[in-house]
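Reader: I am new to this structure and would like a friendly tour. Could you walk me through it?

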Amino acid sequence: MFTPHSHDAADSVDSALEASKDGIRAVKISLVALGVTALAQALLVVITGSVALLADTIHNLSDALTAVPLWIAFVLSRRPASRRYTYGYGRAEDLAGVFIVAMIALSAVVAGYESVRRLLDPQPLGHLWVLVGAGLVGFAGNELVAVYRIRVGRRIGSAALMADGLHARTDGFTSLAVVVGAVGVMAGFPLADPLVGLAITVAILFVLKGAATDIYRRLMDAVDPELVEVAETALRSTPGVDDIDELRLRWTGHRIRAETSVVVDAALSLVDAHAIANDAHHRLLHQVPKLDAVTVHVSPNASDGRDHHSVLAHHTVDGSRPSPSADD
């Protein structure tokens with residue numbers, strides 16, 4: 001509210017680079033935090049022999065490793081556009097999301113296999129209070145990482161980072177399930193441990209469904225319909241805009257690009273049409289969150305009976321990144 005809003009293409013690039021820097025910082029911190037949590041739990045698996053704790057540890061380790069492709073993706077997204085990749089490298093973030101989904105699926109398979117194996121061949125558990133402590137450690141580590149990832153992901157508009165944060169939050173609750181399994185064994189029900197391991201597997205599958213849906217929508221250029229409504233409102237409130245021919249929004253990594261065609265009075269001069277297009281461009285950048293680049297196409301109104309698509313009286317305002325480099 002109190003920071004002047006700029007509409008410069010260079011400033012949009014600076015904003016995108018800053019968002020990528022925040023994303024890199026988030027994955028670094030979460031990688032260390034979850035790595036330490038998984039290591040501590042792995043040591044306690046050796047002590048207790050709990051398959052539920054083993055399943056939770058595997059899940060936490062896979063969650064920590066998903067920070068690596070995200071890190072690479074955020075680094076790539078900072079590279080300037082080239083003559084081959086004219087939209088830049090923002091899609092690398094969505095590809096990292098595909099890897100995250102694959103890792104979640106793999107953790108579900110491993111956790112399910114180990115739980116079924118222990119049901120068929122039960123093994124006694126030892127140091128149950130240590131197991132309870134391990135579950136609480138897992139919950140605390142995952143919840144801290146989840147809060148941080150979700151907050152940063154929401155702020156910079158990264159679906160992959162937010163999905164990974166929700167993944168970590170679910171991991172935290174599955175760590176609490178390990179505690180439930182240990183309490184069940186204490187109460188005289190030895191199969192509680194592998195049964196909790198199966199419950200963790202089911203929880204992972206639910207996380208898998210949500211994460212896969214989010215990443216699929218990003219890959220298919222889906223956006224929140226409310227964003228489209230905000231953009232339409234901004235365009236219709238622009239003085240001189242008679243109608244909207246077309247409006248398209250798409251995510252590229254954690255930033256949004258917009259392309260629109262607006263209709264103006266056919267009697268306007270090129271200078272006046274340019275002024276309207278420039279005003280529409282500024283309003284979109286100001287009112288649509290995470291919008292990084294805008295292209296506005298202006299067409300003359302066809303109310304006089306002419307086909308405005310066939311009249312050479314259009315102007316485009318492009319707020320995209322600087323011209324691609326010659327390399328690559």
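**A tour of the fold**

Author: Happy to! This is a predicted model. From start to end of the sequence, the protein chain runs α-α-α-α-α-α-α-α-β-β-α-β-β.

Reader: How many helices and strands are there in the protein chain?

Author: The pattern along the sequence is α-α-α-α-α-α-α-α-β-β-α-β-β. Counting its elements up, the protein chain has nine helices and four strands.

Reader: What share of the residues in the protein chain is buried?

Author: A residue counts as buried when its relative accessible area is under 20%. The protein chain has 328 residues, and the buried share of them is 46%.

Reader: Among contacts between residues at least 6 apart in sequence, what percentage join residues at least 24 apart?

Author: Let us set aside the contacts between residues less than 6 apart in sequence. Of the contacts in the protein chain that remain, the share joining residues at least 24 apart is 74%.

Reader: Are α5 and α6 roughly parallel or roughly antiparallel?

Author: Helix α5 covers residues 128-156 and helix α6 covers residues 159-186. Their axes come within 7 Å and cross at roughly 165 degrees. Angles over 145 degrees count as roughly antiparallel, so α5 and α6 are roughly antiparallel.

Reader: Is the crossing of α5 and α6 left-handed or right-handed, and how many nonpolar residues does their contact have?

Author: The crossing of α5 and α6 is left-handed. Their contact includes seven polar and six charged residues, while the nonpolar ones number 23.

Reader: How do α4 and α7 run, roughly parallel or roughly antiparallel?

Author: The axes of α4 and α7 come within 9 Å, with a crossing angle of roughly 165 degrees. The crossing is left-handed. Their contact holds 19 nonpolar, six polar and three charged residues. Because the angle is over 145 degrees, α4 and α7 are roughly antiparallel.

Reader: Which residues have the most contacts inside the largest nonpolar core?

Author: In soluble globular proteins, nonpolar side chains tend to be buried together. Here the largest nonpolar core has 36 residues, and those with the most contacts inside it are Leu70, Phe74, Ile104 and Leu161. The elements giving two or more residues to this core are α1 (9-48), α3 (67-77), α4 (92-120), α5, α6 and α7 (192-219). So the names you asked for are Leu70, Phe74, Ile104 and Leu161.

Reader: Which residues does isoleucine 104 touch, leaving out those up to four places away in sequence?

Author: Ile104 is one of the residues with the most contacts inside the largest core. With residues up to four places away in sequence left out, Ile104 touches His167, Ile204, Val207, Leu208 and Ala211.

Reader: How many residues does the second, separate core have?

Author: This second core includes Ala234, Val241, Leu249 and Trp251. Its residue count is 24.

Terms used: Residues are numbered from 1 along each chain as its sequence is written. This is a predicted model: local features need pLDDT of at least 70, side-chain atom pairs count only at pLDDT 80 or more; totals for chains, interfaces and linings use all residues. Side-chain values use heavy atoms; hydrogens and water are left out. Axes are lines fitted to C-alpha atoms, for helices over the stretch in contact, and angles run from 0 to 180 degrees between N-to-C directions. Angles under 35 degrees count as roughly parallel, over 145 as roughly antiparallel, 65 to 115 as roughly perpendicular and the rest as oblique. A crossing is left-handed if the near helix is turned anticlockwise from the far one by less than a right angle, and right-handed if clockwise. Ala, Val, Leu, Ile, Met, Phe, Trp, Tyr, Cys and Pro count as nonpolar, Asp, Glu, Lys and Arg as charged, and the others, Gly among them, as polar. A nonpolar core is a set of buried Ala, Val, Leu, Ile, Met, Phe, Trp, Tyr and Cys residues joined through side-chain atoms within 4.5 Å. Buried means under 20% relative accessible area, exposed over 50%, partly exposed in between (1.4 Å probe, protein chains only). Contact means heavy atoms within 4.5 Å.
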